[in-house]
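Subject: A structure for you to explore

Hi there,

Here is the structure I promised to pass on to you. Please open it and turn it around for a while before you read my notes below.

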Amino acid sequence: MQPTGSREDRHTIVVQAPAARVYELIADVEQWPQLFPPTIHAERIEHSGNQERIRIWATANGDVKGWTSRRTLDPAARRIDFRQEVSAPPVAAMGGSWILEPLDEHSCRVVLLHDYRAVDDDPEKLEWISQAVDRNSTAELAALKTGVETLASGDDRLLSFEDSVRVHGPAKDLFDFINRADLWAERLPHVARVELTEDTPGLQILEMDTRSTDGTTHTTRSVRVCLDNQRIVYKQLVLPALLSLHTGRWTFVEDGDSTIATSQHTVVINTDRITDVLGAGADLAQARKAVREALGANSRATLGLAKAYVEERR
């Protein structure tokens, strides 16, 4: 008999793409923030043969949780088994499997299995977990279907780019400037308002109003994960109208007595809003250019001010 504090769930979806291709995307955990709405950041921290350890941060019922999992990858069987090594309360234990079942050479069924247990076998906590698993699994599978089928058709809505600056100073000082986003309204002219919440060290909720070159402002809300004084990764949960996805990364790499600071963006253009934002007749190429210019200008401005801040302290 299944314990009262544990549960098993199964979610499925049919994807119009070969099983091998879908397996590759699920196996590449670092791509998950672009594929899965709940995932803020994911990275491989150990790898040996078909075994790996991964670290994931994701939203669950509006909260942000981080955990470490072990995965066993079986490309021949197109199966990935996972088990959380360190779970975040109210989860006491969680594991499951991704299984890819070919339907024909152009389509497959994705099966996502979960088994989990609540802290203290608490039924209310178990129900909270069940709701989070159902919501996230449904969103993940729908996003996987959209992402895989979009990639298969070749889509120019996806855009990635970066800007860098060399700074004569240590990486830690640059990290501190970007980490202290609560001071951005004072430090960055393009930031009109900022609200930063950090209940867990290194895990931030950042809401801010950003001024555009035409004088208008737009509000964004992001989750940021601040890592080892060298990286800050983020995902926007509330986006400007022209975007349907925005993930980013600040990195600080020391090179002798200087540091290369880089701002990287990955976005997906919201084609339904192009003419609303850019005017009648605007197309995807113009939207790509506008997004690159706007985000790049803000990044370069922030990097330039961070550079001045650090070099003035030397």
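What follows is a short tour of what was found. Please keep in mind that this is a predicted model.

**A pair of helices**

Let's begin with how two helices meet. Two packed helices are described by the angle between their axes and the distance between those axes. Find helix α4, residues 171–179, and then helix α7, residues 284–312. Their axes come within 10 Å and cross at roughly 130 degrees. Since an angle between 115 and 145 degrees falls in the oblique range, α4 is oblique to α7. The crossing of α4 with α7 is right-handed.

Which residues make the contact? On the α4 side they are Asp173, Leu174, Phe177 and Ile178. On the α7 side you will find Thr302, Leu305, Ala306, Lys307, Tyr309 and Val310. By character, the residues of this contact divide into seven nonpolar, one polar and two charged.

A rule of thumb helps when you look at lists like these. An α-helix has 3.6 residues a turn, so residues three or four places apart point the same way.

Is α4 mostly covered or mostly open? It is mostly covered, as seven of the nine residues in α4 are buried. Those buried residues are Ala171, Asp173, Leu174, Phe175, Phe177, Ile178 and Asn179.

**Two cysteines, and the disulfide count**

How many disulfides does the structure hold? The count is zero. Two cysteines are still worth a look. Cys108 has 0% relative accessibility, so Cys108 counts as buried. Cys226 counts as buried too, because its relative accessibility is 13% and the cut-off for buried is under 20%.

**Some unusual backbone spots**

Most residues other than glycine have a negative phi, and most peptide bonds are trans. With that in mind, here are three places to zoom in on.

- The peptide bond from Pro89 to Pro90 is cis, and its omega is near 15 degrees. Pro90 sits in the loop between β5 (79–86) and β6 (91–104).
- Arg78 has a positive phi, near 55 degrees, although Arg78 is not a glycine. Look for Arg78 in the loop between β4 (63–74) and β5. With a relative accessible area of 28%, Arg78 is partly exposed.
- Asp121 also has a positive phi near 55 degrees, and Asp121 is not a glycine either. The loop that holds Asp121 runs between β7 (107–118) and α3. Asp121 is partly exposed, with a relative accessible area of 36%.

**Along helix α3**

Helix α3 covers residues 123–153, and Ala142 is found there. Is Ala142 buried, partly exposed or exposed? Its relative accessibility is 36%, so Ala142 counts as partly exposed. Pro123 lies in α3 as well. Pro123 is exposed, because its relative accessible area is 58% and the cut-off for exposed is over 50%.

Two distances from this helix make good practice for your measuring tool. From Ala142 to Ser299, the C-alpha atoms are separated by 32 Å, and the two residues are 157 apart along the chain. From Pro123 to Pro201, the C-alpha distance is 29 Å, with their positions 78 residues apart in sequence.

Enjoy looking around, and write back with any questions!

Best wishes

Conventions:
Residues are numbered from 1 along each chain as its sequence is written. This is a predicted model: local features need pLDDT of at least 70, side-chain atom pairs count only at pLDDT 80 or more; totals for chains, interfaces and linings use all residues. Side-chain values use heavy atoms; hydrogens and water are left out. Axes are lines fitted to C-alpha atoms, for helices over the stretch in contact, and angles run from 0 to 180 degrees between N-to-C directions. Helices (H or I, at least four residues) and strands (E, at least two) are DSSP runs, numbered from the N terminus. Angles under 35 degrees count as roughly parallel, over 145 as roughly antiparallel, 65 to 115 as roughly perpendicular and the rest as oblique. A crossing is left-handed if the near helix is turned anticlockwise from the far one by less than a right angle, and right-handed if clockwise. Contact means heavy atoms within 4.5 Å. Ala, Val, Leu, Ile, Met, Phe, Trp, Tyr, Cys and Pro count as nonpolar, Asp, Glu, Lys and Arg as charged, and the others, Gly among them, as polar. Buried means under 20% relative accessible area, exposed over 50%, partly exposed in between (1.4 Å probe, protein chains only). A disulfide is a pair of cysteine sulfur atoms within 2.5 Å.
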